[in-house]
Amino acid sequence: MTRLLLDVDTGIDDALALAYLASLPDLEFVAVTASPGNVDAHQVARNTLAMLELCGRTGVEVAVGASAPLSIPLVTTPETHGPQGIGHAVLPPPSGTVSARHAADLWVEAARAHPGELTALITAPLTNFALAIRREPRLPELLGKVVIMGGSFYHQGNTTPTAEWNTHVDPQAAKEVYGAYRGLPVDRLPIVCSLDTTERIELRPEHVLRLAEAAGCSERELVLPKQPEGLRSTADSPLVRHLSDALRFYFEFHRLYGQGYLAHVHDYFAAGVAAGTLDYATRLATVDVEVESPLLMGTTVADYRNVWNHPPNARIVSNNNPEQAFGELIRSVGGLAARLR
């Protein structure tokens with residue numbers, strides 16, 4: 001059983017990651033917390049509650065923490081994820097309510113109660129995680145496996161020429177988090193899923209078609225470049241229908257920016273790493289984050305050769321297997337969608 005603490009900024013690829021994690025019978029959501037990022041934190045929480053309920057995971061505690069990055073204004077991305085964060089999808093209103101607890105307190109209390117037992121996954125800016133470490137500096141030692149989606153090393157950034165979105169939203173938080181891991185044993189260092197490998201996870205229209213087939217949908221689910229933008233799915237599986245509507249928006253966004261009719265589903269890959277279901281390899285490195293230069297703000301730098309003479313503080317994913325990743329996604333989420341029909 002994987003017992004998961006999750007921090008999200010839901011988000012199209014966060015929503016897909018939630019659906020995948022919900023499809024795993026041996027995974028327990030200890031709690032899910034909302035960081036400001038793709039949309040504001042309260043919209044993140046609503047999206048997350050609605051997505052969990054759509055996937056049959058009711059009663060999961062969802063909490064809000066920070067309402068803005070540590071020291072800079074929040075910038076959201078309606079052009080990337082839509083005004084509500086889920087693309088063209090309109091999720092049913094959740095019946096659950098947001099927890100009264102602060103996200104950082106929740107993380108600290110859970111980790112203290114279950115030292116070494118919890119897997120942590122952060123697919124959002126590192127704001128809430130940094131606040132939790134401020135409250136409990138031993139948090140990196142108390143958590144078990146930690147997976148972070150963020151950063152860009154030997155790869156073009158997706159927000160500036162050198163910076164990845166999550167890190168660019170709150171670079172100060174990212175710098176604090178990586179600083180907190182210096183000197184810890186290798187098995188306690190975070191596994192970092194950066195753009196170098198997450199942009200290899202390219203979801204395409206044929207994957208949506210196969211997902212609907214795995215769910216047992218009665219009609220072919222075609223999300224094609226020649227179709228009108230914003231066309232809504234009529235799939236008879238609610239989960240497939242909402243994921244298809246969300247992903248169509250993501251396809252349209254990537255095409256608009258010259259990347260093709262596809263979607264980089266970064267957070268799904270990080271979810272599979274956290275769950276232990278996807279193939280990957282890592283390299284030890286010392287990571288730091290630029291927080292002063294206007295030109296390079298949010299740039300992540302990895303020292304693989306110990307030039308800085310600092311102990312490593314991260315295990316950066318260096319390779320993955322997109323074909324295996326999509327086979328797993330379609331099998332597991334398709335199976336969940338079939339069970340929920």
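## Two helices meeting α13

Two helices are in contact when heavy atoms of one come within 4.5 Å of heavy atoms of the other. Keep that in mind while you look at this structure, which is a predicted model. Which residues of α11 meet α13? From α11 they are Leu-239, Val-240 and Leu-243, and on the α13 side they find Val-333, Leu-336, Ala-337 and Leu-340. Sort these residues by class and you get seven nonpolar, no polar and no charged ones. Helix α11 spans residues 238-256, and its axis lies 8 Å from that of α13, at an angle of about 130°. That angle is why α11 counts as oblique to α13.

Now turn to helix α10, residues 205-214, which also packs with α13, residues 322-340. Here the angle is about 40° and the axes are 7 Å apart, so α10 is oblique to α13 as well. The crossing of α10 past α13 is right-handed. On the α10 side, the contact uses His-207, Arg-210, Leu-211 and Ala-214. On the α13 side, it uses Phe-326, Gly-327, Leu-329, Ile-330, Val-333, Gly-334 and Ala-338. What mix of classes does this contact of α10 with α13 have? There are seven nonpolar residues, three polar ones and one charged one.

## The sheet

Next up is an open sheet of nine strands. Walk across it and you pass β3, β2, β1, β4, β5, β6, β11, β9 and β10, in that order, with mixed pairing. Why do β3 and β10 have one side without a neighbour in the sheet? Strands β3 (62-64) and β10 (300-303) stand at the edges, and each has a single partner strand, so one side of each is left free of a neighbour there. From one strand to the next, the twist averages 30°.

Zoom in on β4 (residues 119-122) and β5 (residues 146-149): they pair in the parallel sense, over three bridges. Leu-121 sits opposite Val-147 of β5. Helix α8, residues 171-180, packs on the sheet and touches β5, β6 (191-193), β9 (280-289) and β11 (314-320). The direction of α8 makes about 110° with that of β9.

## Two oddities in the loops

Most residues other than glycine have a negative phi, and most peptide bonds are trans. Two spots in this model go the other way. The peptide bond from Thr-10 to Gly-11 is cis, with omega near -5°. You'll find Gly-11 in the loop between β1 (2-8) and α1 (12-22).

The other spot is Asn-306, which is not a glycine but still has a positive phi of about 60°. Look for Asn-306 in the loop between β10 and β11.

## What the record says

An unreviewed UniProt entry annotates residues 5-324 as the domain "Inosine/uridine-preferring nucleoside hydrolase". How much of the span 5-324 is helix, and how much is strand? Helix makes up 36% and strand 16%. The C-alpha atoms at the two ends of residues 5-324 lie 25 Å apart.

Note on methods
Residues numbered from 1 in each chain as written. Predicted model: local features only at pLDDT ≥ 70, side-chain atom pairs only at ≥ 80, totals over all residues. Heavy atoms only, no water. Axes fitted to C-alpha atoms, helices over the stretch in contact; angles between N-to-C directions. Helix = DSSP H or I, 4+ residues; strand = E, 2+ residues; numbered from the N terminus. Parallel < 35°, antiparallel > 145°, perpendicular 65-115°, else oblique. Left-handed = near helix turned anticlockwise from the far one by under 90°. Nonpolar A, V, L, I, M, F, W, Y, C, P; charged D, E, K, R; others polar. Pairing = 2+ DSSP bridges. UniProt positions renumbered as here; feature names shortened; annotations may be inferred.
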